[in-house]
2 protein chains.
Amino acid sequence: MPEPEGSRRDELLEIAAGLFAEKGFKNTTVRDIADSAGILSGSLYHHFDSKESMVDEILRTFQEELFGQYDEILASDADPLAQLEQAVLVSFEAIDKHRNEVAIFQNEAAYLLTFDRFSYLADRNQQSREVWLTLLQNGIDAGVLRTDLDLELTYRFIRDTVWVAVSWYRPGGRRTHTEIARQYLSILLEGIHT
Amino acid sequence: MPEPEGSRRDELLEIAAGLFAEKGFKNTTVRDIADSAGILSGSLYHHFDSKESMVDEILRTFQEELFGQYDEILASDADPLAQLEQAVLVSFEAIDKHRNEVAIFQNEAAYLLTFDRFSYLADRNQQSREVWLTLLQNGIDAGVLRTDLDLELTYRFIRDTVWVAVSWYRPGGRRTHTEIARQYLSILLEGIHT
DNA sequence: TAGCCTACCAAGCAACTGCTTGGTTGGTAG
DNA sequence: CTACCAACCAAGCAGTTGCTTGGTAGGCTA
């Protein structure tokens with residue numbers, strides 16, 4: 001057994017993730033996935049129950065890793081500002097390492113939430129909100145963040161700008177994900193005004 | 001003629017825009033639109049050539065208005081910072097007044113661009129890029145904006161954060177679109193750091 | 001060499017898709 | 001009262017969709 005197990009299966013999941021990210025979940029047909037893999041559509045059902053279970057597995061695996069990282073940051077003894085910076089850096093790292101998964105979560109969550117089996121996505125959204133609000137509140141309590149801003153709005157601006165970068169960021173481009181994260185942090189923290 | 005003309009047609013376009021914005025263009029069927037209008041799907045083809053021509057008309061009308069406003073700002077004699085602020089305010093106003101149209105342009109442009117008839121959307125994207133880059137460059141030349149930032153990245157951050165607000169902004173919510181725009185400008189210009 | 005397994009094919013079904021066709025309705029204008 | 005018109009219905013067609021079924025090829029193991 002040279003492969004770690006489930007090799008072909010994982011291969012198919014990666015192909016599906018690429019298509020889901022590019023064209024959307026509903027706009028990707030099982031024939032699209034099978035064609036990209038060089039097999040017939042029916043053969044996919046030897047590996048997976050349904051198209052839904054493919055995207056389910058893709059998202060669950062990704063989110064476990066991402067939120068594990070957020071939890072580590074919150075549990076660390078870094079100061080509030082460093083924690084906020086870490087969270088932004090980790091997020092841009094996720095965009096770099098898991099483009100497809102981030103794009104799927106960003107673009108398809110609303111649609112997938114219309115199915116019961118994806119209700120956990122709402123929990124993850126809530127969890128994400130709590131992470132960022134906690135980071136911001138800690139910064140305010142420590143006196144390193146402005147107190148005159150609407151917390152909820154600030155959270156949304158941060159969340160949106162971080163994740164929406166997945167729509168234009170390409171690995172191997174002019175800027176590394178770390179450089180982009182640092183520029184973003186610079187704007188977020190200090191503003192663009194002189 | 002009590003109606004300004006094309007009343008029923010406009011009504012159908014608004015219904016379609018709402019569905020396109022909510023579920024996506026391809027995920028909205030002509031039967032969805034017809035059901036929402038209380039007619040049969042075939043009856044839509046009395047008013048429109050195709051589903052494509054509906055979204056086409058929706059986007060063209062909206063973009064003419066929006067880019068007209070940008071042109072006015074650029075042509076005004078306000079100082080660079082005021083022009084940048086005006087552009088942000090006008091954009092949030094568009095999110096308020098034309099939620100559906102903004103959402104469709106944001107979410108469906110990539111897909112629609114695969115059809116020849118929507119190639120003008122690429123021109124509009126380019127035009128938008130030029131507007132923001134001009135505003136930023138004018139600010140730098142006037143010495144009111146930081147010179148150490150990557151212009152292209154800054155443009156993307158502004159564009160993304162402004163338009164992505166359409167995904168969560170709801171008219172009649174806790175904050176008016178003007179309040180949101182002002183908070184956003186405050187963060188963008190001054191940062192969240194103390 | 002027999003049995004089993006993974007990975008796949010070939011064919012097709014029922015539901016849904018955008019769109020077409022030929023017709024009906026109620027109102028308006030000459 | 002006639003002609004016309006916008007708005008719509010009823011039925012259906014051809015293509016696409018997710019998924020199912022019954023089968024096969026090749027490799028591994030006892």
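## DNA strand C and its protein surroundings

By class, the residues that make up the surface near DNA strand C are four nonpolar, nine polar and four charged. The model in which this surface is seen is a predicted one, and every distance in this report is computed from it. In total, 17 residues surround DNA strand C, and the closest of them come from both protein chains, namely A:Leu40 and A:Ser43 on one side and B:Val30, B:Tyr45 and B:Lys51 on the other. Of the atoms of DNA strand C that come within 4 Å of the protein, 61% are accounted for by sugar and phosphate.

Several individual approaches to DNA strand C can be described atom by atom. In the side chain of B:Tyr45, which is also among the closest residues, an N or O atom is 2.6 Å from a phosphate oxygen of the strand. Chain A reaches the backbone of the strand as well, with an N or O atom in the side chain of A:Arg8 placed 3.1 Å from a phosphate oxygen. A base is approached by B:Ser41, whose side chain has an N or O atom 3.3 Å from a base nitrogen of DNA strand C.

## DNA strand D and its protein surroundings

Around DNA strand D there are 17 residues, of which A:Thr29, A:Val30, A:Tyr45, A:Lys51 and B:Leu40 come nearest. By class, the surface near this strand divides into four nonpolar, nine polar and four charged residues. Sugar or phosphate supplies 61% of the atoms of DNA strand D that lie within 4 Å of the protein, and bases supply the rest.

Here, too, phosphate and base are both approached by polar atoms. A:Val30 uses its backbone, with an N or O atom 2.8 Å from a phosphate oxygen of DNA strand D, whereas B:Ser43 uses its side chain, in which an N or O atom is 3.0 Å from a phosphate oxygen. The elements that contribute two or more residues to the surface near DNA strand D are α2 (30–37) of chain A and α3 (44–47) of chain B. A base nitrogen of DNA strand D has a polar side-chain atom of A:Arg31 at 2.9 Å.

## The interface between chain A and chain B

The two protein chains touch through 37 residues of chain A and 37 residues of chain B, and together they bury about 3700 Å², 60% of it on carbon and sulfur atoms. Across this interface there are 21 residue pairs in polar contact. On the side of chain A that touches chain B, the elements giving two or more residues are α4 (80–97), α7 (151–164) and α8 (177–190), and α7(A) gives the most, with nine residues. By class, that side of chain A has 17 nonpolar, nine polar and 11 charged residues.

Side chains of opposite charge can pair when their charged atoms come close. Between chain A and chain B the count is four salt bridges, one of which joins A:Arg174 to B:Asp150, with the closest N and O atoms 3.0 Å apart.

## The relation of the two copies

Chain A can be laid on chain B with an RMSD of 0.0 Å by a turn of 180° and a shift of 0.0 Å along the axis, and that is the relation of a two-fold axis. In chain A, the C-alpha nearest this axis belongs to A:Gly191, at 1.9 Å from it. Because 100% of the interface residues of chain A are also interface residues in chain B, the copies meet through the same surface.

## The fold of chain A

The secondary structure of chain A consists of eight helices and zero strands, so that, in the sense of its order from the N terminus on, the elements run α-α-α-α-α-α-α-α. Along its principal axes, the C-alpha trace of this chain spans about 60 × 40 × 35 Å.

Over all chains of the structure, a search finds 24 salt bridges. Within chain A, one salt bridge is formed by the side chains of A:Glu11 and A:Arg8, at 3.2 Å from N to O. Both of these residues lie in helix α1 (residues 7–23) of chain A, three residues apart, or about one turn of the helix. A:Arg8 is therefore a residue to look at twice, since its side chain also has an N or O atom 3.1 Å from a phosphate oxygen of DNA strand C.

Technical notes. Residues numbered from 1 in each chain as written. Chains lettered and ligands numbered in written order. Predicted model: local features only at pLDDT ≥ 70, side-chain atom pairs only at ≥ 80, totals over all residues. Heavy atoms only, no water. Contact = heavy atoms within 4.5 Å. Buried area = accessible area lost by both parts, 1.4 Å probe. Polar contact = N/O pair within 3.5 Å; in protein donor to acceptor, adjacent residues only side chain to side chain. Helix = DSSP H or I, 4+ residues; strand = E, 2+ residues; numbered from the N terminus. Nonpolar A, V, L, I, M, F, W, Y, C, P; charged D, E, K, R; others polar. Near = heavy atom within 4 Å. Least-squares fit on C-alpha atoms with pLDDT ≥ 70 in both.
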